[in-house]
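Please open the model in your viewer and keep the selection tool at hand. The tour below goes from one selection to the next and says what is there.

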Amino acid sequence: MAKTVTAYKEKMKELSVLSLICSCFYPESRNKLVRVFEDMEVKPINKRASGQAFEVILKPVSPVSDMAHNLPSPPKRDISLEDIEKKLEAAEERRKYQEAQVLRVLAEKRDHERDVLLKAMEENSNFSRMAEEKLQMKMEQIKENREAHLAAMLERLQEKERHAAAVRRNKEIREELTA
C-alpha cells in the first residue's frame with residue numbers, strides 16, 4: 001500500500017508536467033488524454049476555474065502481485081516433550097521473577113511510606129516542641145514584664161510616699177516656725 005501511495009505521488013508530479021507539455025502541443029486532445037500506469041489509470045476531467053482536475057482509478061490487486069508480497073514461513077520443526085518442559089520451566093521462572101519484582105516494588109513503596117510517615121511524625125513533634133518552648137519563653141517574658149511593671153509601680157508609690165512625708169514634715173516645720 002505504501003508503495004502504491006508513493007508511486008501515485010510521483011506519477012501525479014510527472015503527470016502535471018506531462019499534461020502541461022501535451023496541452024501546449026496538442027490542445028484539442030487534452031480532454032481525451034488517458035494515461036495508464038502500472039496500477040492506476042488517470043483521466044483528465046473538464047477544466048475547472050481553479051485549475052485542472054483528474055480522475056485517478058486504481059487497478060485491483062492481481063493475484064500474481066499477492067504471491068510476490070507473501071514470504072514463505074519458516075518450516076515448522078517438531079517440538080519434543082523436553083522442549084515443551086523447558087519452555088514451561090522458563091515460563092515459570094519468568095513468572096516467579098516477575099512476582100518477586102512486584103513484591104520488591106511493593107516492599108520499597110511500603111518502606112518509603114513508612115519513612116515518610118516517620119518523618120512527618122518527627123516534624124510534627126519538633127513543631128510541637130518548638131511551639132511549646134516558644135510559648136514558654138513568651139509566658140516567662142510576660143511574667144518578667146509584669147513583675148518589672150509592678151516593681152516600677154511600687155517604686156513610684158514609695159517615691160510618692162516619701163515625697164508626701166517630706167511635704168508633711170516641711171509643713172509641720174513651717175507651722176512650728178509660724179506658731
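In what follows, buried means under 20% relative accessible area, exposed means over 50%, and partly exposed lies in between, with a 1.4 Å probe and protein chains only. This is a predicted model, in which local features need pLDDT of at least 70 and side-chain atom pairs count only at pLDDT 80 or more, while totals for chains, interfaces and linings use all residues. Residues are numbered from 1 along each chain as its sequence is written, and side-chain values use heavy atoms, with hydrogens and water left out.

Begin by colouring the protein chain by pLDDT, the predictor's confidence in each residue, from 0 to 100. The chain averages 82, and 76% of the residues score at least 70. Among its elements, helix α2 (residues 63-69) has the lowest mean pLDDT, 55, and α3 the highest, 95. Where pLDDT is low, the predicted coordinates should not be read in detail.

Next select helix α3, residues 81-178; helices are DSSP runs of H or I with at least four residues, numbered from the N terminus.

Within this helix, select E159 and R162, whose side chains meet in a salt bridge at 3.5 Å, N to O; a salt bridge is a side-chain nitrogen of Lys or Arg within 4 Å of a carboxyl oxygen of Asp or Glu. The two residues are three apart in helix α3, about one turn. E159 counts as partly exposed because its relative accessibility is 45%, and R162 is likewise partly exposed, at 46%.

Move to E108 and R104, another salt bridge, at 2.8 Å from N to O. Both residues lie in helix α3, four residues apart.

Now select R95 and E99, where the closest N and O atoms of the salt bridge are 3.0 Å apart. These residues are four apart in helix α3, so about one helical turn separates them. Add E92 to the selection, and you have a network of salt bridges linking E92, R95 and E99. The structure holds six salt bridges.

Finish with two surface patches, which are made of residues with over 30% relative accessible area and no salt bridge, like charges being joined within 9 Å and nonpolar side chains (Val, Leu, Ile, Met, Phe, Trp, Tyr) within 5 Å. Select E82, E85, E89 and E93 to see a patch of negative charge; E85 is partly exposed, at 42% relative accessibility. Then select I79, I84 and L88, which make a nonpolar patch of about 290 Å².

Notes:
Accessible areas come from the Shrake-Rupley method with a 1.4 Å probe; for residues, only the protein chains shown count as cover. Lys and Arg count as positive and Asp and Glu as negative; His and the chain ends are not counted. The place of a charge is taken as NZ of Lys, CZ of Arg, CG of Asp or CD of Glu.
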